[in-house]
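Visitor: I should like to learn how to read a helix within a protein model. May we take one example and work outward from there?

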Amino acid sequence: MRDVNHRTKNHRRKELMVDGASPELRAALVTAARENSTSVNEQAVQVLAAHYKVKYTTPENGLRGQPGPSPHIERKPDTEKLSIRGPAQLHRKIAVDAAKRDGTLRGVVLEQLCLHFGLEAEPIGRRPRTKGTA
């Protein structure tokens, strides 16, 4: 019998939602993205791919083969959340690193980005629950 989730397991790109990015990290990513004429997502993925030695090429947006994000997508305002969409292989390497170090995907991603930009990184383990969350 075929696994009903077979398509999701074979996608070449995966998304990871990372919340709690510090304003300093967000500003460093935005600045680097502007300097390199890329999106914040592409900048973050490039940093992570270089660290984990994963081959990464900038995806095309589907508009006549133009590189980069679609100009028709409305940009979201700056938030503490980063949506990092990159190769599935990168996601797997981050997950392995997090498991080896008893951390979370979020913690490992934020740590690597902070280290790249020379910022102080938070612990990579689970954060304590805040009041009002289940």
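Visitor: Which residue takes a positive phi just after α3?

Guide: In this predicted model, Lys 53 does, with a phi of about 55°.

Visitor: How does one check the length of a helix such as α3?

Guide: A helix is expected to rise 1.5 Å a residue, so the 13 residues of α3 should span 18 Å; the C-alpha atoms at its ends are 18 Å apart, in agreement.

Visitor: Which residues of α3 are buried?

Guide: One general idea helps here. An α-helix has 3.6 residues a turn, so residues three or four places apart point the same way. In α3, the buried residues include Ala 44, Val 47 and Leu 48. Asn 41, Glu 42 and Gln 43 are also among them.

Visitor: What covers these buried residues of α3?

Guide: The cover includes β1, α2, β2, α4 and α5.

Visitor: How many residues does the largest nonpolar core have?

Guide: That core has 24 residues, and those with the most contacts inside it are Leu 48, Ile 84, Val 109 and Leu 113. The largest share, 6 residues, comes from α3. Beyond four places in sequence, Leu 113 is in contact with several residues, including Ala 44, Val 47 and Leu 48, as well as Leu 82 and Ile 84.

Visitor: Which elements have the lowest and the highest mean pLDDT?

Guide: Helix α1 has the lowest, 49, and α5 the highest, 92. The protein chain averages 77. Over residues 70–77 the pLDDT is below 50, and over residues 1–6 it stays under 50.

Note on methods
Residues are numbered from 1 along each chain as its sequence is written. This is a predicted model: local features need pLDDT of at least 70, side-chain atom pairs count only at pLDDT 80 or more; totals for chains, interfaces and linings use all residues. Side-chain values use heavy atoms; hydrogens and water are left out. A nonpolar core is a set of buried Ala, Val, Leu, Ile, Met, Phe, Trp, Tyr and Cys residues joined through side-chain atoms within 4.5 Å. Buried means under 20% relative accessible area, exposed over 50%, partly exposed in between (1.4 Å probe, protein chains only). Helices (H or I, at least four residues) and strands (E, at least two) are DSSP runs, numbered from the N terminus. Contact means heavy atoms within 4.5 Å. The expected span of a helix is 1.5 Å times one less than its number of residues. pLDDT is the predictor's confidence in each residue, from 0 to 100.
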